[in-house]
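Let's take a walk through this protein together, one piece at a time. Have a look at the sequence and the model first, and then we'll start with a pair of helices.

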Amino acid sequence: MAGHVVDFEPIGRRGEISDGQSILEAARRLGVDLVNLCGGGGTCGRCKVQVLTGRVSDPTASELEHLAQTDLDKGWRLACQTRPLADCKVHVPPESLTAPQRTQVEGLEVEVEPDPVVVACSVELSAPCLSDLRADADRLLEALGDKQDSSCQRIDIEVLRALSPGLRSWGWKAMASVRDGEIVAVGPPEGRRLGLAVDLGTTKMAAYLVDLGNGTTVASRGAMNPQIAYGEDLIARLSRAMESPEEGARLQRLVVDGLNGMAAGLCEETEAHPEEIVETVIVGNTAMHHLLLRLAVDQLAMAPYVSAISVPHDVKARDIGLRLAPGAYVHLLPNIAGYVGSDHVAMMLATGLSEASRVTLALDIGTNTEVCLVSEGALCSVSCASGPAFEGAQIKHGMRAANGAIERVRLADGKVEYQTIGGAEPTGICGSGILDAVAQLYLSGLLNRGGRMDLQPGVRENGDQREFVLVPEEEGGERPAITITQKDVRQIQLAKGAIRTGIQVLLESKGLTEGDIEEVIIAGAFGTYIDVGNAIALGMLPSLPQDRFRQVGNAAGRGAVLALLSRAKRREAHAMARKVGYIELAGSPDFMNIFTQSMYLGPYREEEE
Ligand code: FES
């Protein structure tokens, strides 16, 4: 088959692709991380590249929609829509690359007495001789039987394969890691017993390396979920996996490679070895959970959105491709419903929601926002399709929270004040900045309650819509202006409206009003950085005194650590998942009315004149 060489500059990656493949497909093959918020669907307009040399296909309808004729004339194209017809050189501007993102690993510190499911047992064995011809494994099992109350009768096959040479090289002294009567690792007597806890998000992953002996987190790190190259939202990922078993396998490998890389990095930082990781707990939304286990996802992507499994599940780490201790298990906490996954359970565990005595609302804001209301000891959750707008997707100058992203906006006396991540030159605006900007425009009277932008100083007409100029062209040098458009405001209304709908449905299901809420817990990376006052001003969060709000960082990650360290906490998570109620928003009788009210800017009201 005829192929063409594509050369990506200034990254310096080049390689051959088949005839008919797009520039985005070439980028994926060559490991160039192009932004592709819509997964290559031609709708987000974010995969812009400039074709410097070489013939390419004619512009598609979506390129004509997203690119001005003057830009097309200069070679600017959408990578997902453009197919090389000859060898090409392609320029990738910085804003089209998925820059490393600010990831959140810090969260609540919750003390727990270490009582992990894997126990360590040091043994000293007698060497075989003519009067003692017991097999090596029998010798080990008997020694362990003498030391432990519980019987230990099984040895993982990979552990068994390495046992005989190991015992001899360690002089018949060893440390065995035993899990529910099965030996999952045997190492030298001075070896460490480590655990790995992972919060596997759609956009970001956070991993924690934990000493199972003393309960300390010895290292942690965050990274982007590498599946992002296949679309930023859940639906794009699920659709990709549904295309063919090979695509599902590709997505799974990507995330497993990412997790192996994180585990190796954490171990290197602490002079440990991945083989010392004897237990892992992974939490994530139901889609991430299913893709990791390579479960069927068709039924998850289509109404009535049923998961393949919701009960807790153990799987050998090696069976999903993780390179840890030879017999280590991965424990997956339970899911609650199709779109309420084990990350929500972990968040509830870390925040102690099941013991809350006050009326408490807990939110984990993301592409999908889960909200839980606790009242009179009963827990009830909903899942809100808040969409990727708060990740910067579907926003004209939106970007993820990376260097140069505007993260704070204030309008004072008609002047715009903004702050960027890292203090860098502004290159776009991330979720917290967009939320601030829309709230400030509303509070300044430039947006009415319905979200319509008034033509006042600072607002201009651009084509068929109005936009507010945050950073004018002159300040950005060669770069275009950074603006908030009327369409951006609509996206934020949809996102905040979805979240507020979830809150209202929960409140109404219990006959409560927002004033009854005594505490609001906001979890997750985005929730950590939002300005609560502006979120209240928009009506996304309830109008309550700010001292009732608590921003707790990555609570799901902390919950995973707790379930790793403590059998009691693991049981508590299992019990909580069984007892939490779930409301399917679309099935709620007043859903449409509540959603309509929630879309208005400003405090939530029952009646709109
Ligand atoms: S328009 Fe190309 S990835 Fe979205």
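Helix 6 and helix 7 are oblique to each other, because their angle falls between the ranges that count as roughly perpendicular and roughly antiparallel. Keep in mind as you look that this is a predicted model. When two helices pack, we describe them by the angle between their axes and the distance between the axes. Here helix 6 (residues 234-243) meets helix 7 (residues 245-269) at about 130°, and the axes are 4 Å apart. Which residues make the contact? On the helix 6 side you'll find Arg237, Arg240, Ala241 and Glu243, and on the helix 7 side Glu247, Gly248 and Leu251. Sort these by class and you get 4 charged, 2 nonpolar and 1 polar.

Now let's zoom out. The protein has 17 helices and 27 strands. Its radius of gyration is 27 Å, close to the 25 Å that the globule rule gives for 609 residues, so the protein is as compact as a globular protein of that length. Along the principal axes, the C-alpha atoms fill a box of roughly 95 × 65 × 45 Å. Of the 609 residues, 51% are buried. And if you take the contacts between residues at least 6 apart in sequence, 69% of them join residues at least 24 apart.

Next, find a sheet. One open sheet has 4 strands in the order 6-8-9-7, and its pairing is mixed. The edges are strand 6 (118-124) and strand 7 (154-155), each of which pairs on one side only. Strand 6 runs antiparallel to strand 8 (residues 173-179), and 7 bridges join the two. As a landmark, look for Glu124, which sits opposite Lys173 in strand 8. Helix 4 (residues 136-147) packs on this sheet and touches strand 6, strand 7 and strand 8, with a direction at about 110° to that of strand 6. Helix 5 (residues 157-169) lies across strand 7, strand 8 and strand 9 (182-187), and runs at about 35° to strand 9.

Let's move further along the chain to strand 18 (residues 378-384). Is this strand mostly covered or mostly open? Mostly covered: 5 of its 7 residues are buried. Strand 18 has an antiparallel partner in strand 17 (residues 369-375), with 7 bridges between them. Here Ser375 stands opposite Ala378. The two strands form a hairpin with 2 residues between them, and Glu376 has a positive phi near 50° there. Strand 18 also pairs with strand 27 (residues 581-582), in the parallel sense this time, over 2 bridges. You can spot that pairing at Ser381, whose bridge partner is Tyr582 in strand 27.

Our last stop is strand 25 (residues 519-523). Why is strand 25 described as largely enclosed by the rest of the structure? Because 4 of its 5 residues are buried. Strand 16 (residues 360-364) runs parallel to strand 25 and is joined to it by 5 bridges. One of the matched pairs is Leu363 with Ile522 in strand 25. Strand 25 also pairs in the parallel sense with strand 26 (residues 549-553), over 4 bridges. There, Ile521 has Arg550 of strand 26 as its bridge partner. While you're turning the model, remember a handy rule: in a regular strand the side chains alternate between the two faces of the sheet.

Terms used. Residues numbered from 1 in each chain as written. Predicted model: local features only at pLDDT ≥ 70, side-chain atom pairs only at ≥ 80, totals over all residues. Pairing = 2+ DSSP bridges. Contact = placed C-beta atoms within 7 Å. Axes fitted to C-alpha atoms, helices over the stretch in contact; angles between N-to-C directions. Buried ≥ 20, exposed ≤ 12 C-beta atoms within 10 Å, placed from the backbone. Parallel < 35°, antiparallel > 145°, perpendicular 65-115°, else oblique. Nonpolar A, V, L, I, M, F, W, Y, C, P; charged D, E, K, R; others polar. Rg over C-alpha atoms; globule rule 2.2 N^0.38 Å.
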